[in-house]
Amino acid sequence: MVAFAQISDIHIGGSPVSADRAAAVLRHLDSLGLDAILVTGDIADHALPEEYDTAAALMRVTTPLIVCPGNHDSVPEFDKRIGPANQVLRLDEVTLALADSSVPGQAYGFLADQTLAWLDAVLAERPEVPAFVGLHHPPVPLGIPYVDEIGLREPERLAGLLARHPHVVAVLTGHAHTSAQTRFAGLPLVVAPGVVSTALTSRETADWVPLAYDLPPAFALHLFDGGHLVTHFRPVILK
């Protein structure tokens with residue numbers, strides 16, 4: 001059984017307590033004896049060097065951890081202070097690949113040709129090993145208009161790639177600041193909840209930017225036994 005956590009949208013600098021919330025979540029996850037932690041984007045809120053320095057310090061955990069940028073991130077600063085924009089973790093039982101879907105100066109996402117080529121090569125390395133593909137931007141609408149307008153553009157490019165790699169188990173994203181599950185390209189699509197805040201659906205609020213900062217941060221816990229994926233969502237109660 002592989003157990004790995006996914007967090008997203010820590011937005012260091014995005015609120016007065018953003019670093020405290022991220023620290024509490026990462027500290028909790030690092031205590032669980034997990035196989036890996038995935039962070040699916042929006043690491044910094046303003047892409048400032050000091051925000052990345054804070055995030056880098058918080059992400060120095062004992063659990064293997066990989067991370068990709070989001071639309072709030074600057075890839076040059078991310079690369080300098082966090083690591084490559086595309087990252088992969090090869091465990092014995094699974095391959096975990098995070099692809100950069102950020103577009104400089106834009107809130108929407110797009111997987112560039114070079115990113116798709118990188119992902120294609122990574123997935124081709126071990127076709128006998130189940131794989132998970134992660135990125136920041138969801139490739140399908142989630143029922144939150146503000147988020148749906150800035151999702152992944154041309155998602156069929158990703159769908160076509162996934163069709164060539166039948167060992168991919170699921171697609172994992174962030175960006176929406178809310179836990180959600182649906183399907184994409186015939187696969188489970190799991191959206192991690194936000195750490196800095198929680199987004200509400202249009203049934204829960206009339207606000208165009210539907211972010212609640214008073215709800216606790218949360219994470220997704222993925223359990224995979226080689227043939228069956230189960231995802232649990234858990235809040236982290238701040239003390």
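Let me begin with Ile 66, which is buried, with a relative accessible area of 5%. The model before you is a predicted one, and every value I quote is computed from it. Ile 66 belongs to strand E3, residues 65-68. Which residues does Ile 66 touch, if we set aside those up to four places away in sequence? They are Ile 37, Leu 38, Val 39, Gln 87, Val 88, Leu 89, Leu 96 and Leu 98. Ile 66 can also be placed relative to Thr 40: the two are 26 residues apart in sequence, and their C-alpha atoms are 8.6 Å apart in space.

Several of those contacts lead us to strand E2, so allow me to turn to that strand, in which five of the five residues, 36-40, are buried, so that E2 is largely enclosed by the rest of the structure. Ala 36, Leu 38 and Thr 40 point one way from E2, while Ile 37 and Val 39 point the other way, and all are buried. In general terms, the side chains of a regular strand alternate between the two faces of the sheet. E2 runs parallel to strand E1, and four bridges join the two. Within that pairing, Ala 5 has Ile 37 of E2 as its bridge partner.

Strand E4, residues 87-90, offers a contrast between its faces. Gln 87 and Leu 89 point to one face and are buried, whereas Val 88 and Arg 90 point to the other and are not. E4 pairs with strand E5, residues 95-98, in the antiparallel sense over four bridges. The connection from E4 to E5 is a hairpin through four residues. Opposite Val 88 stands Ala 97 in E5.

Beyond E5 we come to Gly 105, in the loop between E5 and helix H4. Is Gly 105 buried or exposed? Gly 105 counts as exposed, because its relative accessibility is 79% and the cut-off for that class is over 50%.

Next, the nonpolar cores. As a general point, nonpolar side chains in soluble globular proteins tend to be buried together. The largest nonpolar core here has 26 residues, of which Leu 158 and Leu 162 touch the most other members. Helix H4 (113-125), strand E6 (131-134), helix H6 (156-163), strand E7 (168-173) and strand E9 each supply at least two residues of this core. Which element provides the largest share? That element is H4, with four residues. Apart from this core lies another, of 25 residues, among them Val 25, Leu 26, Leu 29 and Val 195. To return to Leu 158, its contacts, not counting residues up to four places away in sequence, are Leu 111, Leu 119, Leu 135, Leu 152 and Phe 184.

I should also draw your attention to two backbone positions. Asp 9 has a positive phi of about 55°, although it is not a glycine. Asp 9 is found in the loop between strand E1 (2-7) and helix H1 (18-30), and it is buried, with a relative accessible area of 0%. Ala 185 likewise has a positive phi of about 55° and is not a glycine. Ala 185 is found in the loop between strand E8 (180-184) and strand E9 (187-191). Ala 185, however, is partly exposed, at a relative accessible area of 41%. The C-alpha atoms of Ala 185 and Gly 105 are separated by 28 Å, with their positions 80 residues apart along the chain.

Towards the end of the chain, Leu 221 lies in strand E12, residues 218-224. Leu 221 is classed as buried because its relative accessible area is 18%, and the class requires under 20%. Not counting residues up to four places away in sequence, Leu 221 touches Phe 4, Ala 5, Leu 34, Val 230, Thr 231 and His 232. Its C-alpha atom is separated by 27 Å from that of Arg 164, 57 residues apart along the chain.

Finally, the largest pocket. A probe the size of a water molecule, rolled over the atoms, shows where empty space is left. The largest pocket has a volume of about 250 Å³. How many residues line the largest pocket, and which lie nearest its centre? The lining has 19 residues, and His 11, His 72, Tyr 146, His 177 and Leu 211 lie nearest the centre. By class, the lining divides into nine nonpolar, seven polar and three charged residues.

How values were computed. Residues numbered from 1 in each chain as written. Predicted model: local features only at pLDDT ≥ 70, side-chain atom pairs only at ≥ 80, totals over all residues. Heavy atoms only, no water. 1 Å grid on protein atoms, 1.4 Å probe; cavity = no way out; pocket = protein on both sides within 12 Å on 5 of 7 lines; lining within 4 Å. Points joined across faces, edges and corners; volume = space filled by probe spheres on them. Nonpolar A, V, L, I, M, F, W, Y, C, P; charged D, E, K, R; others polar. Buried < 20%, exposed > 50% of the residue type's maximum accessible area, 1.4 Å probe, protein only. Contact = heavy atoms within 4.5 Å. Core = buried A, V, L, I, M, F, W, Y, C linked by side-chain atoms within 4.5 Å. Pairing = 2+ DSSP bridges.
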